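Work through the exercises below with the sequence and the coordinates open beside you. Each task is followed by a solution that goes step by step.

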Amino acid sequence: MSAQASPAPASDGLAAWITPARTALVIIDMQVDFAAPEGRLGQWGVDLSTVPPALAKAEALAAAARKVGAPVVFVGLFTRPETDSFSWRERMRRRGGDPGSDSGLCRAGEVGSDWYGPKPQPGERVVEKARYSGFHDAPLDAVLKGLGVDTLVVAGLTTECCVDCTVRDAFHLDYHVFVASDACAAYEAEVHEASLKALELNCAILVDTDQVITAWEEAA
């Protein structure tokens, strides 16, 4: 099914909208530097207490997707000095930060970029990106079209940043987007909630993990 497939009638409900034949689970940036106490943000003293519940829910979604045959796609930040953003570094400098240190998140080939929580299984697609959105200068759109899906269930870190940017770009590319709200996290609860509200108002439908799993079981 292509990204231009006809939508299911509204009366069909969630099970028809996210049937495994048309839907991919997209897991964004669940990596050591963003999620693990030993990662870069943990070392900086960022409160990561909101993260473990989201990781657990994303693991449950991945298991459910695999069970019903929905593809699971992992999107991760993999930075390299040659692809670092000049504007990102300059923004950090103007805010009083250290561009060298701040640009070193999720360096390719280093532990910080390793997956943390749900991990790709053999044969699952992994998309590397160097900016917030999984679609920017990355092959995510081509991967999804190759899988024949027109609908995404999204989980990941962080809600207001890479999840937000990826979801908006997916909507602009005419994907039907569902955000698993309890399988995403920001480091501040109010930021998470505000980001979800903005996405719901503009470009996504909010669901929770149990709703998705139940819908997939019904569709299967």
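**Exercise 1. Explain how far apart Glu 90 and Arg 93 are along helix 5, and then find out what their side chains do.**

Step 1. Glu 90 and Arg 93 are separated by about one helical turn, because they are 3 residues apart in helix 5; helices here are DSSP runs of H or I with at least four residues, strands are runs of E with at least two, and both are numbered from the N terminus. The model is predicted, so local features need pLDDT of at least 70 and side-chain atom pairs count only at pLDDT 80 or more, whereas totals for chains, interfaces and linings use all residues. Residues are numbered from 1 along each chain as its sequence is written, and side-chain values use heavy atoms, with hydrogens and water left out.

Step 2. The side chains of Glu 90 and Arg 93 meet in a salt bridge with an N to O distance of 2.5 Å, where a salt bridge is defined as a side-chain nitrogen of Lys or Arg within 4 Å of a carboxyl oxygen of Asp or Glu.

Step 3. Arg 94 also forms a salt bridge with Glu 90, the closest N and O atoms being 2.8 Å apart, and these two residues lie 4 residues apart in helix 5, again about one turn of the helix. Glu 90, Arg 93 and Arg 94 are thus linked in a network of salt bridges.

Step 4. Glu 90 counts as buried because its relative accessibility is 17%, Arg 93 counts as partly exposed at 49%, and Arg 94 counts as exposed at 66%. The classes are set by relative accessible area, with buried under 20%, exposed over 50% and partly exposed in between, using a 1.4 Å probe and protein chains only.

**Exercise 2. Determine which parts of the chain are linked by the pair Asp 84 and Arg 107.**

Step 1. The side chains of Asp 84 and Arg 107 meet in a salt bridge, at 2.8 Å from N to O. This pair links distant parts of the chain, 23 residues apart: Asp 84 sits in the loop between strand 2 (72–77) and helix 5 (86–94), and Arg 107 in the loop between helix 6 (99–102) and strand 3 (125–129).

Step 2. Both Asp 84 and Arg 107 are buried. A search of the whole structure finds 9 salt bridges.

**Exercise 3. Locate the backbone features at Thr 158, Cys 106 and Asp 174, and describe their surroundings.**

Step 1. A cis peptide bond joins Leu 157 and Thr 158, with omega at about -20 degrees; Thr 158 lies in the loop between strand 4 (151–157) and helix 8 (159–172).

Step 2. Cys 106, although not a glycine, has a positive phi of about 50 degrees. Cys 106 is found in the loop between helix 6 and strand 3, and it is buried, with a relative accessible area of 0%.

Step 3. Asp 174 is likewise not a glycine and has a positive phi of about 75 degrees. Asp 174 belongs to the loop between helix 8 and strand 5 (176–185), and at 43% relative accessibility it counts as partly exposed.

Step 4. Tyr 175 lies in the loop between helix 8 and strand 5, and is buried, with a relative accessible area of 2%. From C-alpha to C-alpha, Tyr 175 and Thr 151 are 5.4 Å apart in space, while in sequence they are 24 residues apart.

**Exercise 4. Decide how compact the protein is for its length.**

Step 1. The secondary structure of the protein comes to 10 helices and 6 strands. The radius of gyration is 17 Å, close to the 17 Å that the globule rule gives for 220 residues, and therefore the protein is as compact as a globular protein of that length; the radius is taken over C-alpha atoms, and the rule is 2.2 Å times the number of residues to the power 0.38.

Step 2. Along its principal axes the C-alpha trace spans about 50 × 35 × 30 Å, and of the 220 residues, 50% count as buried.

Step 3. Among contacts (heavy atoms within 4.5 Å) between residues at least 6 apart in sequence, 79% join residues at least 24 apart.
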